[in-house]
Each structure stands twice: as C-alpha cells, then as structure tokens.
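The following note sets out points for a colleague who is reading the model alongside its sequence. The points move from the chain as a whole to individual elements and residues.

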Amino acid sequence: MYFALLLSIVTVLVNLASGFEGDVQTVCEHDTLSISCCDDGYVLSVIAASYGRHDRTTCPGPTLTTSCDASSSLNVVQKACNGKSSCSVTASNFVFGDPCFLTFKYMSVTYDCIQVEEKGVCEHQTLSLSCNDGDALSIVSASYGRHDRSTCPSGPIVSTACHAGTSLDVVQNKCNGKSSCSIAASNSVFGDPCWGTFKYLNVGYQCITDAQEKSKTVCEHQALSLSCDNGGILYVIAASYGRHDRVTCGSGPIISTTCHAGKSLIVVQQACNGKSSCSINASNSVFGDPCVGTFKYLAVKYQCL
C-alpha cells in the first residue's frame, strides 16, 4: 500500500514537471498495470515503456544494476494497449523476459488518451490511408484477424479471437511518417493468425501536422541526437536505417537504394520515446545490416509532446 501511494505521488510530480499532458504510471515487478481513458471516443496511445530498473529508490528490492531495460518493453505494451479504451499488463519476466537477473524490477509506462481515425478492409482487399498534403501518418493501432462475426461476414468463421502479432509493426513500418500509404490485408503480409477464418484489417491512426513534425538525418557511423525544449518529451513517428536515394550521405559506396532495417522504428522509439533527449548510433551493430556493401543513413521523424 505504501509503495503504491509513493508511486502515485511520483507520477503526479513527473507530470507537473513536464509540459506533457498525458500520464505516467509505474508498478513493481509481479504487479499488474491497468490504464484507461475516461472520455468516450478516446483511446490509449502508449508513448514509452520500460520494464527494468533505472534507480535504487523506485520499488526497493535486491538491486544488482540500475541500468537495465527490456528491449521489448515498448513493443509489448503498445500491442497490448494501443487503440483500446483500457488495458492491463503484468510487470513480469514471463511477459518481457528478464533484462537483469537477480534485480527486482519495475515497469513504467507513459501514455496519452487521443482520438483517432479508424479504417478497415476485408481480407484480400487493400487498405489505403492518407493525410492532407504536408501532414504525416502516425499509426496507433492495427489488427489483422477477427474479433467478431459481424465485420466482413461473407466468408467462413472458425474463430473470433484471432490477431496477427505482427499487425502493428507491419503497418507502422509501411505507413508512419508518410502522407499516404497502401497495404494489402492478406496472409502474405501478416501471416495467418487463424487458419480457415475469413479475416479483416482494422487500423487506427492520426495525421500529424507539418508544424508539429521535426526530422533529422545522420550518416552511418554517426550518432543521431534528438531533444525537446521547455519540458517536452520525444515521440518518434518514423525511422529508417538504410538507403532510399543516392543523394543523402552520398560519400560512400551505394549498391542499393531500396534498403531499410525492419526494426528501425521500434529501436529508435525504445531509445527515445518519453525522454527529453536521446542519442542513438547509426550503425549495423544497433540495427543490423539491411544492405551489405551500401553506405547507409538513419532518418528520423519525431515530434515534441
């Protein structure tokens, strides 16, 4: 009870110290974090999440390290919560893996309640999303599968509890940061989460105005640094480590101009989201090598909340 009260006080102080209008919640290892949006029409958007330990005062217990963070934290919590009015996630090694053996950990989540546009198509159709010229797509939620019998009812239905775990990653990588995008609702894109069931793709998204969006690019082997002023926090909209033209960082060998590290977005989001500043190396050791023999660059689009 004491620790729960202490964590609530810390949350309030964090929010008061920042210009961010969302919320930050923390629970100790083995406890369950529950978050929700009170207003009708608003859904959760998880900005940052960390399961691990970064200090000795939060959730006191055995502490071998104060610099540990499960790399899956943000991805796991986003998939569990984004686009929903409420969700619960347990702070446990079973959910996130154990980033620091013999250390008592905690989970902190930074989130906001937002309004989103929603669009869906049936299996075998193509979903097209667009924003006004100069604005950029930001995918909040995505699900390829089936959750009811009424949506796209024209095919066989074996299960109404099926969801492709890759849904959010795939749509974010395809669409985030662009003014428009198209993606096929098919097993070839997402995998087949429920064999024999006719599925559909639902996506929740926002359009980020050009005035809100910032961008930065660094060449391979350099460090990309991002920061927000006046108590703002970073939210990474899009990221690509690879190469898409011959002009940017053109001083090295170029074999391919269609190369992109698939984990670019989640790596930069995990490193930067929810912080006032961050730095990340544009290197194969961080992102993997999406095109061997080609000199690459890291391009990031972000906003300060």
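1. In what follows, Lys and Arg count as positive and Asp and Glu as negative, while His and the chain ends are left out of the count. The place of a charge is NZ of Lys, CZ of Arg, CG of Asp or CD of Glu. On that basis, the protein chain carries 19 positive and 24 negative charges, and the mean positions of the two sets are 8 Å apart.

2. The model is predicted, and the points below should be read accordingly. Its protein chain has seven helices and 18 strands. The C-alpha atoms occupy a box of roughly 55 × 55 × 40 Å along the principal axes.

3. How does the radius of gyration of the protein chain stand against that of a compact globule? For 305 residues, such a globule would have a value near 19 Å; the chain has 20 Å, and the two agree.

4. Of the 305 residues, 46% count as buried. The accessible surface of the protein chain is about 14,400 Å², and carbon and sulfur atoms account for 52% of that surface. Among contacts between residues at least 6 apart in sequence, 77% join residues at least 24 apart.

5. Helix α2 spans residues 73-81, and its buried residues are S73, L74, N75, V77, Q78 and C81. Just after α2 comes G83, with a positive phi of about 85°.

6. Helix α4 covers residues 167-175, with S167, L168, V171, Q172 and C175 buried. Viewed down the axis of α4, these buried residues fall within an arc of 115°, so they line one face of the helix. An α-helix has 3.6 residues a turn, so residues three or four places apart point the same way. G177 follows α4 and has a positive phi, near 85°.

7. Two residues other than glycine deserve a check of their backbone angles: C59, with a positive phi near 50°, and H124, with a positive phi near 80°. C59 lies in the loop between β3 (43-53) and β4 (68-69), whereas H124 is in the loop between β7 (117-122) and β8 (126-130).

8. Are these two residues buried or exposed? C59 has 4% relative accessibility and counts as buried, since the cut-off for that class is under 20%. H124, at 65%, counts as exposed, because that class begins over 50%.

9. K216 belongs to strand β13 (residues 214-219). Its relative accessible area is 35%, which makes K216 partly exposed. Beyond its neighbours within four places in sequence, K216 is in contact with L224, S225, L226, L298, A299 and V300. From K216 to S85 the distance is 33 Å, C-alpha to C-alpha, with their positions 131 residues apart in sequence.

10. D192 is placed in the loop between α5 (187-190) and β12 (200-208). D192 is partly exposed, with a relative accessible area of 35%. Setting aside residues up to four places away in sequence, D192 touches N187 and K199. The C-alpha atoms of D192 and Y144 are separated by 8.9 Å, although the two residues are 48 apart along the chain.

Methods
Residues are numbered from 1 along each chain as its sequence is written. This is a predicted model: local features need pLDDT of at least 70, side-chain atom pairs count only at pLDDT 80 or more; totals for chains, interfaces and linings use all residues. Side-chain values use heavy atoms; hydrogens and water are left out. Helices (H or I, at least four residues) and strands (E, at least two) are DSSP runs, numbered from the N terminus. The radius of gyration is taken over C-alpha atoms; the globule rule is 2.2 Å times the number of residues to the power 0.38. Buried means under 20% relative accessible area, exposed over 50%, partly exposed in between (1.4 Å probe, protein chains only). Contact means heavy atoms within 4.5 Å. Accessible areas come from the Shrake-Rupley method with a 1.4 Å probe; for residues, only the protein chains shown count as cover. The arc is that of the directions from the helix axis to the C-beta atoms.
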